[in-house]
Amino acid sequence: MTGDHGELPVAARVRRLEERLIAAGLATDAELDGVLTQVFASASPSNGARMVARAWTDPGYRSRLLADGNAATAELGLPVGHYRLTVVENTPDVHNMIVCTLCSCYPTALLGPSPSWYKSFAYRSRAVREPRAVLAEFGLELPGGTEIQVWDANSETRYLVLPVPPEGAGDIDEDTLASLVTRDGLIGTAIR
Amino acid sequence: MTRFAVGARVRARTADPDGHTRLPRYVRGHAGEVLAVRGTWPLPDLVVRGISRAEPVYAVRFGAAELWGSGTHSVTLDLWESYLEEIA
């Protein structure tokens, strides 16, 4: 699972599509670059991490986050996407993980650009079929009794996982807590 | 109006449309339970043909044993009302 998109066939497919759009006069290279720059300028897993850290320290925010992800995103002044954000909460007994089996749907604004493995056929097909084995390959060995809930972002809902807070989270400040949260934790392929 | 209530048992249709759909093949014909109603959204199968027709979308949870014959995990996905049928 390399992070080098240049080696992926999909990169060549995207480039061919871009060339067709440009040839048809529908877009220019500069316009496409501008859109991508704008999207990725603010898209970062630190956004999702801020939401998680707030939920860990503020029970009221946690309730609002679980009830309405879009409103809770706006509450922190973070970019709200054209989708319905649903936050799924891990507990000591339940572990959530997200996948998009049809393409690669993902709340980019809150998690940053998706990793290439998230878009791979292997992850998309195996996450729904043998999630425990997939998680083990990420180094996440869950206890046998942990219930695994997989969420397929096949439609208009995008998901963010709320991980279990670390021990003693109540005594740790919000910024430090946010620094403990990773992109993979927000996808559910890491513990946090 | 929504045709299915939270908690209802539903089955994903087996129809294999010619064009675009967001009904993944791996749930077709399988039974699941309505977990939540996600509001109404345009049916993507028609959107790609330039027709905007909104209908209710349901979060439906399927058990691994139902989908794959084994396993204890669940898979939840959002399905438009026309992708679903009642279980008699």
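Biologist: What makes the span of helix α2 (residues 29-42) of chain A close to the one expected?

Modeller: Keep in mind that this is a predicted model. The rule takes 1.5 Å times one less than the number of residues. For the 14 residues of α2(A) the expected value is 20 Å, and the helix reaches 21 Å from its first C-alpha to its last, so the two are close.

Biologist: And why is α2(A) called hardly covered?

Modeller: To count as buried, a residue needs 20 or more other C-beta atoms within 10 Å of its own. Among the 14 residues of α2(A), the count of buried residues is zero, so "hardly covered" fits.

Biologist: Which domains does chain A have, and how far apart are their centres?

Modeller: Domain 1 of chain A covers 5-40 and domain 2 covers 43-187. Their centres, taken over C-alpha atoms, are separated by 28 Å.

Biologist: How many residues of the two domains of chain A are in contact?

Modeller: Five residues of domain 1 of chain A are in contact with five of domain 2 of chain A. On the domain 1 side, four of them are nonpolar, one is polar and none is charged.

Biologist: Let's turn to the two chains. How many residues of chain A are in contact with chain B?

Modeller: 15 residues of chain A are in contact with 14 residues of chain B. Strand β3 (residues 147-152) of chain A gives the most to the chain A side, with five residues. By class, the chain A side has six nonpolar, five polar and four charged residues.

Biologist: How do you know that β3(A) pairs with strand β4 (residues 74-80) of chain B?

Modeller: Pairing takes at least two bridges between the strands. Four bridges join β3(A) to β4(B), so they count as paired, and they run parallel. Among the partners, A:Trp151 is matched with B:Thr76, and A:Gln149 stands opposite B:Ser74.

Biologist: What else does β4(B) pair with?

Modeller: Strand β3 (residues 54-63) of chain B pairs with β4(B) over seven bridges, in the antiparallel sense. One of the matches puts B:Ala59 with B:Asp78.

Biologist: Why is β4(B) called largely enclosed?

Modeller: Seven of the seven residues of β4(B) are buried, so the rest of the structure largely encloses this strand. B:Ser74, B:Thr76, B:Asp78 and B:Trp80 point one way, B:Val75, B:Leu77 and B:Leu79 point the other way, and all are buried.

Biologist: Which residues of strand β1 (residues 9-12) of chain B are buried?

Modeller: The side chains of β1(B) alternate: B:Val10 and B:Ala12 point to one face and are buried, while B:Arg9 and B:Arg11 point to the other and are not.

Biologist: Which strands does β1(B) pair with?

Modeller: Three bridges link β1(B) to strand β2 (residues 31-42) of chain B in the antiparallel sense, with B:Val10 matched to B:Gly32. Another three join β1(B) to strand β5 (residues 84-86) of chain B, also antiparallel, and there B:Ala12 stands opposite B:Leu84.

Biologist: What makes the radius of gyration of chain B agree with a compact globule?

Modeller: With 88 residues, a compact globule would come near 12 Å, and chain B has 13 Å, which agrees. Its C-alpha trace spans about 40 × 30 × 25 Å along the principal axes of chain B.

Biologist: What is the order of helices and strands along chain B?

Modeller: Chain B reads β-β-α-β-α-β-β along the sequence, with two helices and five strands.

Terms used. Residues are numbered from 1 along each chain as its sequence is written. Chains are lettered from A and ligands numbered from 1 in the order in which they are written. This is a predicted model: local features need pLDDT of at least 70, side-chain atom pairs count only at pLDDT 80 or more; totals for chains, interfaces and linings use all residues. Domain bounds come from an automatic or database domain assignment. Two residues are in contact if their C-beta atoms, placed from the backbone, lie within 7 Å. Ala, Val, Leu, Ile, Met, Phe, Trp, Tyr, Cys and Pro count as nonpolar, Asp, Glu, Lys and Arg as charged, and the others, Gly among them, as polar. The radius of gyration is taken over C-alpha atoms; the globule rule is 2.2 Å times the number of residues to the power 0.38. A residue is buried if 20 or more other C-beta atoms lie within 10 Å of its own, exposed if 12 or fewer, and partly exposed in between; C-beta atoms are placed from the backbone.
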